[in-house]
Amino acid sequence: MTTLSRTRRLTTLAGASILVASATVFGALPAYAAPGGAAGPASEKASYAALGDSYAAGVGGGDPLDACLTSPNGYAADLADDPSRSSHASLRGCVGATVDVVTATQLGGLDLRTKLVTLTVGANDLGLEAVTAACLAGTIEQCLAAVQAAQANLGPLGADLGAALAAIRATAPKATVVVTGYPLLLDPAIPQAPIVNGGIAALNQVIASAVAAAGDGFVYVDVVPAFLGHGIGSADPWLIAPPALTAFHPNAAGYAAYATAIRTVIG
């Protein structure tokens, strides 16, 4: 299939299934499921805790284990399998989680014994499901309007994320806190790619800036380079295309790339 054919097919599929896809982009479901990851509840003491949204839970990796859609093939489960973390790991990422939800529900059990925290969060705070829905099924004008609406939330997101990182540090004062960004979703050949990917790049910049301001012990991991050539519409996508219910999330190969990128900073 040619790139143009893949692009046309993606746009057609998106238009036919946008009501389903828009409810699931970045894990934005109508209701938030209480955390209780595969390796134990959020109140359990943990030397490694994985916090965040559907990306942190591993949505798209397959074989969901609980109401949060935690996948044994997600990056958090992959890292938890490392011998140094396997006995005291707690996977708390949950579909639909925002920054405030992470702070309110996922920090229980973190303490002086917690050595590593990973965090992926922020997309739900911007309503990026509306952006992707508008950009794949609507007009360019609708796409731009949705992006502008999301960008209006970037300032509040930066402040909220800074507060969340401070709360993590207060709860787990000895932990290395690794915060990831998001991959650019669309292959450059797709007409909407510059707008959608530009919005994600802006989100990543806010996340990176908040991590830099948090100081020592906080590390930002940029996953964009790892996903180059693997966006939706590419010949070898690591992100799931609509109409799948897990659309716009990484597949197992994408989560393996996340885990590899994180290991470069934690060893």
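## Exercises on a predicted model

On the other side of helix 8, away from its buried residues, Gly155, Ala159 and Ala170 are exposed, where exposed means over 50% relative accessible area, buried under 20% and partly exposed in between (1.4 Å probe, protein chains only). This is a predicted model, in which local features need pLDDT of at least 70 and side-chain atom pairs count only at pLDDT 80 or more, while totals for chains, interfaces and linings use all residues. Residues are numbered from 1 along each chain as its sequence is written, and side-chain values use heavy atoms, with hydrogens and water left out.

**Exercise 1.** Determine which residues of helix 8 are buried, and how they are arranged around the axis.

*Solution.* Begin with the length: helix 8 comprises the 18 residues 154–171, which at 1.5 Å a residue should span 26 Å, and its end C-alpha atoms are indeed 26 Å apart. Here helices (H or I, at least four residues) and strands (E, at least two) are DSSP runs numbered from the N terminus, and the expected span is 1.5 Å times one less than the number of residues. Next, list the buried residues, which are Leu154, Leu157, Leu161, Ala164, Leu165, Ala167 and Ile168. Seen down the axis of helix 8, these buried residues fall within an arc of 160°, so they line one face of the helix; the arc is that of the directions from the helix axis to the C-beta atoms.

**Exercise 2.** Apply the analysis to helix 7, and state which exposed residues lie on the face turned away from its buried side.

*Solution.* The twelve residues of helix 7 (residues 140–151) should span 16 Å at 1.5 Å a residue, in agreement with the 16 Å between its end C-alpha atoms. Buried in helix 7 are Cys143, Ala146, Val147 and Ala150. They cover an arc of only 100° around the axis, which puts them on the same side of helix 7. The face turned away from that buried side carries the exposed residues Glu141 and Gln148.

**Exercise 3.** Describe the surroundings of strand 3, first by burial and then by its pairing with strand 1 and strand 4.

*Solution.* Five of the five residues of strand 3 (residues 116–120) are buried, with Leu116, Thr118 and Thr120 on one side and Val117 and Leu119 on the other, so that both faces are covered. Strand 3 pairs with strand 1 (residues 48–52) in the parallel sense over five bridges, and four bridges join strand 3 to strand 4 (residues 176–180), again running parallel; pairing requires that DSSP finds at least two bridges between the strands. Leu116 serves as the bridge partner of Tyr48, and Thr176 in strand 4 is the bridge partner of Leu116.

**Exercise 4.** Which residues have the most contacts inside the largest nonpolar core?

*Solution.* A nonpolar core is a set of buried Ala, Val, Leu, Ile, Met, Phe, Trp, Tyr and Cys residues joined through side-chain atoms within 4.5 Å. The largest has 75 residues, and those with the most contacts inside it are Tyr48, Tyr75, Leu119, Leu165 and Ile168. Helix 9 (residues 193–214) gives the most to this core, with nine residues. Leaving aside neighbours within four places in sequence, Leu119 is in contact (heavy atoms within 4.5 Å) with residues including Leu51, Tyr75, Leu161, Leu165, Ile168 and Val178.
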